[in-house]
Amino acid sequence: VQLQASGGGLVQTGESLRLSCAISRGRLNIFGAGWFRQLPGREREFVAAISWSGGTTTEYADSVRGCVTISAENAKTTVYLQMNSLKPGDTAVYCCAVSTWKWSEPPSYTEASTYNYWGRGTLVTVSS
């Protein structure tokens, strides 16, 4: 599985960006995908996740809820992160990840340990 994140860039406060994560998964099935970010000098943190287990479920970090939307193409070849009303505190490297593990119980897709494939990040810089 290969992941390629794109769509980052320099924007001003209040503007929007849509990040894309292109997924080359071969024959593996993807049960969940997520976006994480690493702010300067901070630990990596969860942003949003989408999972497919008996339906589609999305989850968001409290810090971004209402400002971001995660979505995916039906074939699970691309996962998107629409980010609106960006602020300088959103400046970070954003990474996408997927999980091809089939868990006996639904895992927490907010946890990095749930994912077994990671892409390189894309830098988002929000100026004030």
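Reader: Why is Arg37 called buried?

Author: Its relative accessible area is 5%. Buried means under 20% relative accessible area, exposed means over 50%, and partly exposed lies in between (1.4 Å probe, protein chains only). The value of 5% falls under that limit, so Arg37 counts as buried. A word on the source: this is a predicted model, where local features need pLDDT of at least 70 and side-chain atom pairs count only at pLDDT 80 or more, while totals for chains, interfaces and linings use all residues. Residues are numbered from 1 along each chain as its sequence is written, and side-chain values use heavy atoms, with hydrogens and water left out.

Reader: What makes the contact of Arg37 with Asp90 a salt bridge?

Author: A salt bridge needs a side-chain nitrogen of Lys or Arg within 4 Å of a carboxyl oxygen of Asp or Glu. For Arg37 and Asp90 the N to O distance is 3.0 Å, so the pair meets the rule. Arg37 sits in strand E4 (residues 32–38) and Asp90 in the loop between strand E8 (78–83) and strand E9 (92–99), so this bridge ties together parts that are 53 residues apart in sequence. Strands here are DSSP runs of at least two residues, numbered from the N terminus. Asp90 is buried, and so is Arg37.

Reader: How do you know that Glu45 is also bound to Arg37 by a salt bridge?

Author: By the same check: their side chains meet at 2.7 Å, N to O. In total, four salt bridges pass the rule.

Reader: What makes Asp62 and Arg65 a salt bridge, and is each of them buried, exposed or partly exposed?

Author: The closest N and O atoms of Asp62 and Arg65 are 2.7 Å apart, which fits the rule. Asp62 has 67% relative accessibility, so this residue counts as exposed. Arg65 stands at 48%, so this one counts as partly exposed. Elsewhere, salt bridges with shared partners link Arg37, Glu45, Lys87 and Asp90 into one network. As background, side chains of opposite charge can pair when their charged atoms come close.

Reader: Why are E1 and E7 said to stand at the edges of their sheet?

Author: Four strands form this open sheet, in the order E1-E3-E8-E7, with antiparallel pairing. Strand E1 (2–6) and strand E7 (68–72) each have a single partner strand, so one side of each is left without a neighbour in the sheet. On average, neighbouring strands of this sheet are turned by 15° against each other, direction ignored. That angle is taken between axes, which are lines fitted to C-alpha atoms, on a scale from 0 to 180 degrees.

Reader: How do you know that E1 and E3 are paired?

Author: Two strands pair if DSSP finds at least two bridges between them. Five bridges join E1 to strand E3 (residues 17–24), so the pair qualifies. One of the contacts is that of Ser6, whose bridge partner in E3 is Ser20.

Reader: What makes Cys21 and Cys96 a disulfide?

Author: A disulfide is a pair of cysteine sulfur atoms within 2.5 Å. The S to S distance of Cys21 and Cys96 is 2.1 Å, so the pair passes. The torsion about their S-S bond is about 70°, so the disulfide is right-handed. Cys21 lies in strand E3 and Cys96 in strand E9, so parts 75 residues apart in sequence are tied together. Cys21 and Cys96 are both buried.

Reader: Why is Cys95 not in a disulfide?

Author: The closest cysteine sulfur, in Cys96, is 7.3 Å from the sulfur of Cys95, too far for a bond. Cys95 is buried, at 17% relative accessible area.

Reader: What makes Lys76 and Ser85 worth a look?

Author: Most residues other than glycine have a negative phi. Lys76, in the loop between E7 and E8, has a positive phi of about 60°. Ser85, in the loop between E8 and E9, has a positive phi near 50°. Lys76 is buried at 15% relative accessibility, whereas Ser85 is partly exposed at 45%.

Reader: How many cavities of 30 Å³ or more does the structure hold, and which residues line the largest cavity?

Author: On a 1 Å grid over the protein atoms alone, a cavity is a set of points where a 1.4 Å probe fits but cannot get out, and lining residues have an atom within 4 Å of a point. The structure holds one of 30 Å³ or more. The largest cavity has about 50 Å³ of space, counted as the space filled by probe spheres set on the points. Its lining includes Arg37, Ser85, Lys87 and Asp90.

Definitions and conventions:
1 Å grid on protein atoms, 1.4 Å probe; cavity = no way out; pocket = protein on both sides within 12 Å on 5 of 7 lines; lining within 4 Å.
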